[in-house]
Amino acid sequence: MSILEELQWRGLLADGTDPEALAKRFVEGPITVYCGFDPTADSLHVGSMVPLLTLRRFQLLGHHPIALAGGATGSIGDPSGKTQERQLLTGEVLTANIAGVKTQLQKLLDFDTKTNPAQLLDNISWTEPVGYLDFLRDIGKHFSVNQMVAKESVRARMEDREVGITYTEFSYMLLQAFDFYVLCRDYDCELQIGGTDQWGNITAGIDLARRKLGRTVYGLTLPLITKSDGTKFGKTESGTIWLDTCRTSVYKFYQFWIRTDDRDVIRYLNYFTFLSQDEIGVLSRALNQMASSLRRMF
């Protein structure tokens, strides 16, 4: 089974650029794929597991995953999906957050395999040495303000007259596009994955790689996870479910999953486990039979 088929049956494909061309590229051989994780906190949360586990799925099928810690982009904050500007983090807080996030990224990917080891990178390493004027001349000139304003993440904020969007957040798209360009140039990375709210940033990077390198690269977005009752996934009455046991205890983490609504169980097995399609099919039928028996009883 190809990675696209794997993601498709799991319900993990939301959108993609030129899917036919990407499918042909996968036939040619393994591909290098990356996903970025901005250190807005010192821990990832359960929602972060979707792209992180997807990187692992790529690795298990022979591809080369890159987990990118956003030391540079995290200092600004992504406006995508946000109704207000993020609070800028101090250097000390950002450093501590990056250390925590890197530790968690290393737990779910295999960095020791000899065939296709994962890589953990930090975009501060190539962003910090670039001067402001050089960035404007070499990167900024490839972006049309008209096109940037048309991106959903920017347009939604600009239409809110009370909040608006600062130049700092407006620049975020260029930084993420710069990441894709550098990863393509230096690491032969051809694919970026992310949530649906990352579509505008992903396509910006695709355009930059084409303009500066003449390379064809691709993007795939993963669905944002929701609960059947309409509430936000990863949130409870007590707050966000973190991966760090210092923030969310093992007991609370277990309770979050064990209390999953029956309507969400199979979807979550698809998203968050490595069980096969046949194994999940058996569990799905058992769940349906149990639900039918309960309905007859009550």
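Arg185 is partly exposed at 43% relative accessibility, where buried stands for under 20% relative accessible area, exposed for over 50% and partly exposed for what lies in between (1.4 Å probe, protein chains only). Its salt-bridge partner is Asp186, with 2.7 Å between the closest N and O atoms; a salt bridge here is a side-chain nitrogen of Lys or Arg within 4 Å of a carboxyl oxygen of Asp or Glu. Asp186 is partly exposed, also with a relative accessible area of 43%.

The model is predicted, so local features need pLDDT of at least 70 and side-chain atom pairs count only at pLDDT 80 or more, while totals for chains, interfaces and linings use all residues. Residues are numbered from 1 along each chain as its sequence is written, and side-chain values use heavy atoms, with hydrogens and water left out.

## Overall form

The chain has 14 helices and eight strands. Helices (H or I, at least four residues) and strands (E, at least two) are DSSP runs, numbered from the N terminus. Along the principal axes, the C-alpha atoms fill a box of roughly 70 × 50 × 35 Å. The radius of gyration of the chain is 20 Å, which agrees with the value near 19 Å for a compact globule of 298 residues. That radius is taken over C-alpha atoms, and the globule rule is 2.2 Å times the number of residues to the power 0.38.

Of the 298 residues in the chain, 46% are buried. Contact means heavy atoms within 4.5 Å. Among contacts between residues at least 6 apart in sequence, 77% join residues at least 24 apart. The chain exposes about 15800 Å², and carbon and sulfur atoms supply 52% of this area. Accessible areas come from the Shrake-Rupley method with a 1.4 Å probe; for residues, only the protein chains shown count as cover.

## Salt bridges

Side chains of opposite charge can pair when their charged atoms come close. A search of the whole structure finds nine salt bridges. Three of them, including the Arg185 pair, are listed here.

| Pair | Closest N to O distance |
|---|---|
| Asp42 and Arg247 | 2.6 Å |
| Arg185 and Asp186 | 2.7 Å |
| Asp188 and Arg215 | 2.8 Å |

The side chains of Asp42 and Arg247 meet in a salt bridge. This pair links distant parts of the chain, 205 residues apart: Asp42 is in the loop between β2 (32-37) and α3 (49-60), and Arg247 is in the loop between β8 (239-240) and α12. Asp42 counts as partly exposed at 29% relative accessibility, and Arg247 counts as partly exposed at 41%.

Asp188 forms a salt bridge with Arg215. Here too the pair links distant parts of the chain, with Asp188 in the loop between α10 (172-187) and β5 (189-195), and Arg215 in the loop between α11 (199-213) and β6 (218-222), 27 residues apart. Asp188 is partly exposed at 41% relative accessibility, and Arg215 is partly exposed at 27%.

## Helices α12 and α13

Phe256 is found in helix α12 and is buried, with a relative accessible area of 9%. Beyond its neighbours within four places in sequence, Phe256 is in contact with Val46, Lys227, Phe233, Gly234, Thr236 and Ile241. From Phe256 to Thr236 the distance is 8.0 Å, C-alpha to C-alpha, with their places 20 residues apart in sequence.

Thr260 lies in the loop between α12 (250-258) and α13 (265-272). With a relative accessible area of 14%, Thr260 is buried. The Thr260 side chain reaches the backbone oxygen of Trp257 at 2.7 Å. Leaving aside its neighbours within four places in sequence, Thr260 is in contact with Val265 and Tyr268.

Helix α13 is mostly covered, with six of its eight residues buried. These are Ile266, Tyr268, Leu269, Asn270, Tyr271 and Phe272. The cover over them includes α1 (3-9), α3, α12 and α14 (277-297).

## A nonpolar surface patch

Tyr132, Leu133, Leu136 and Tyr167 make a nonpolar surface patch of about 470 Å². Patches are made of residues with over 30% relative accessible area and no salt bridge; like charges are joined within 9 Å, and nonpolar side chains (Val, Leu, Ile, Met, Phe, Trp, Tyr) within 5 Å. Helix α6 (residues 132-138) gives the largest share of the patch, three residues. Tyr132 is in helix α6 and is exposed, with a relative accessible area of 55%.

Notes:
Polar contact = N/O pair within 3.5 Å; in protein donor to acceptor, adjacent residues only side chain to side chain.
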